[in-house]
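Let's take a walk through a protein together. Have a look at the sequence and the 3D view, and then we'll go piece by piece.

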Amino acid sequence: MFPTLQPLHLLAPALVAGCLTAAPALAVAVSADSSGGYGAQVMDIILANWTKPADATGSTSVIVRITNDGKPFSCELRKSSGKSGVDDAVCMAVAKAGIFPPTPYAAPAEVALTFVYDDAGAPPATAQASAQAPAKSYADILMDNARPHISLPEGLQGEYSATVRLLVQPDGTLAEYKMEKPSGSSAFDAAVLRALLQPGVITLPPEGKEQNVYLTFSLAGH
């Protein structure tokens, strides 16, 4: 029995770039696309679940992929602040949020977000959501690899969603894995982790660079 995973083959239609800045008390500028205000909605929900790390400097850029019913599919680091804990705080906030409004036009969306932690002459942050299907991301590849290995006990019913954090070294070694947001079903969580640990699931990361990836697996309709 496999969980229902919803890959992002179709992205939201054309977007108009916009910018929204967090309250001064947060000392961080955050920008998001403005697909009818959808990017701003996503950003607001993430901020409500995010705490700025005390040592945050520079900026962090991530891509958040969201299914058409508002479930975050993955959070992938695109530009690091140089501090893994600072970068992790953004994707942890995505995992904590758990659900966003349904996407515009009932199409899965890819939202790019940039957090700028100081104002040392940096230009305004920009963010977009693409209207064209991008090349398959590393997170997508890992999801595709894990799917055939997920086997659930008979009789498991209900809707579950689990978010896992993976730290993959440049040589493809899985250095760390953690159930960042349990689903509430130990059987489902265990099945997801077993699948990710199967030989061949974790492949070499792109460009030989360490990857910190958040993957969300969902089970519905059982």
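What percentage of the 222 residues of the protein count as buried? It's 48% of them. Keep in mind as you look around that this is a predicted model.

**The overall layout**

The protein has 4 helices and 7 strands. If you follow the sequence from start to end, they come in the pattern β-α-β-β-α-β-α-β-β-α-β. Take the contacts between residues at least 6 apart in sequence: 74% of these join residues at least 24 apart. On the outside, the protein exposes about 10,200 Å², and carbon and sulfur atoms supply 56% of that area.

**Some buried residues to find**

Here are six residues that you can look up in the 3D view. Each of them turns up again below.

| Residue | Relative accessible area |
|---|---|
| Phe217 | 0% |
| Phe115 | 0% |
| Cys75 | 2% |
| Cys91 | 4% |
| Trp50 | 5% |
| Arg165 | 11% |

Why does Arg165 count as buried? Its relative accessible area is 11%, and buried means under 20%, so Arg165 makes the cut.

**The disulfide**

A disulfide is a covalent bond between the sulfur atoms of two cysteines. How many disulfides does the structure hold? There is 1, and it is formed by Cys75 and Cys91, with their sulfur atoms 2.0 Å apart. The link between Cys75 and Cys91 is left-handed, with -75° about the S-S bond. Cys75 sits in strand β3 (residues 72–79) and Cys91 in helix α2 (residues 84–97), so the pair ties together parts that are 16 residues apart in sequence.

Let's stay with Cys91 for a moment. Leaving out residues up to four places away in sequence, Cys91 touches Val62, Cys75, Glu76 and Tyr214. You can also check its C-alpha atom against that of Ile46: the two are 8.8 Å apart, although 45 residues separate Cys91 and Ile46 along the chain.

**The aromatic rings**

Next come the rings. The structure holds 3 aromatic pairs. In one of them, the rings of Trp50 and Phe115 have centres 5.1 Å apart and planes at 65°, so this pair is edge-to-face. Trp50 is in the loop between α1 (38–48) and β2 (59–66), while Phe115 is in strand β4 (residues 109–116), so the pair ties together parts that are 65 residues apart in sequence. Both partners are buried: Trp50 has a relative accessible area of 5%, and Phe115 comes in at 0%. Ring pairs also bring in Tyr117, linking Trp50, Phe115 and Tyr117 into a cluster.

**Two helices and what they pack against**

Now turn to helix α4 (residues 186–196). Its buried residues are Phe188, Asp189, Ala191, Val192, Ala195 and Leu196. Looking down the axis of α4, you'd see these buried residues fall within an arc of 160°, so they line one face of the helix. What covers them includes α3 (138–146), β5 (160–168), β6 (174–181) and β7.

Phe217 is in that last strand, β7 (residues 211–219). Its C-alpha atom is 9.4 Å from that of Phe188, with the two positions 29 residues apart along the chain.

Helix α3 has its own buried residues: Tyr138, Ala139, Asp140, Leu142, Met143 and Ala146. These pack against β2, β3, β5, α4 and β7.

**Arg165 and its polar contacts**

Strand β5, one of the elements that cover α4, is where you'll find Arg165. Which side chains make polar contacts with the side chain of Arg165? One is the side chain of Asp88, at 3.3 Å. Another is the side chain of Asn212, at 3.1 Å. Not counting residues up to four places away in sequence, Arg165 touches Asp88, Glu176, Tyr177, Lys178, Glu180, Asn212, Val213 and Tyr214. Tyr214 is a name you've met before: it is also among the residues that Cys91 touches.

How values were computed. Residues are numbered from 1 along each chain as its sequence is written. This is a predicted model: local features need pLDDT of at least 70, side-chain atom pairs count only at pLDDT 80 or more; totals for chains, interfaces and linings use all residues. Side-chain values use heavy atoms; hydrogens and water are left out. Helices (H or I, at least four residues) and strands (E, at least two) are DSSP runs, numbered from the N terminus. Buried means under 20% relative accessible area, exposed over 50%, partly exposed in between (1.4 Å probe, protein chains only). The arc is that of the directions from the helix axis to the C-beta atoms. Contact means heavy atoms within 4.5 Å. A polar contact is a pair of N or O atoms within 3.5 Å; within protein, one must be able to donate a hydrogen and the other to accept it, and residues adjacent in sequence count only if both atoms are side-chain atoms. A disulfide is a pair of cysteine sulfur atoms within 2.5 Å. Accessible areas come from the Shrake-Rupley method with a 1.4 Å probe; for residues, only the protein chains shown count as cover. Rings of Phe, Tyr and Trp (its six-membered ring) pair if their centres lie within 6.5 Å; planes under 30 degrees apart count as stacked, over 60 as edge-to-face and the rest as tilted.
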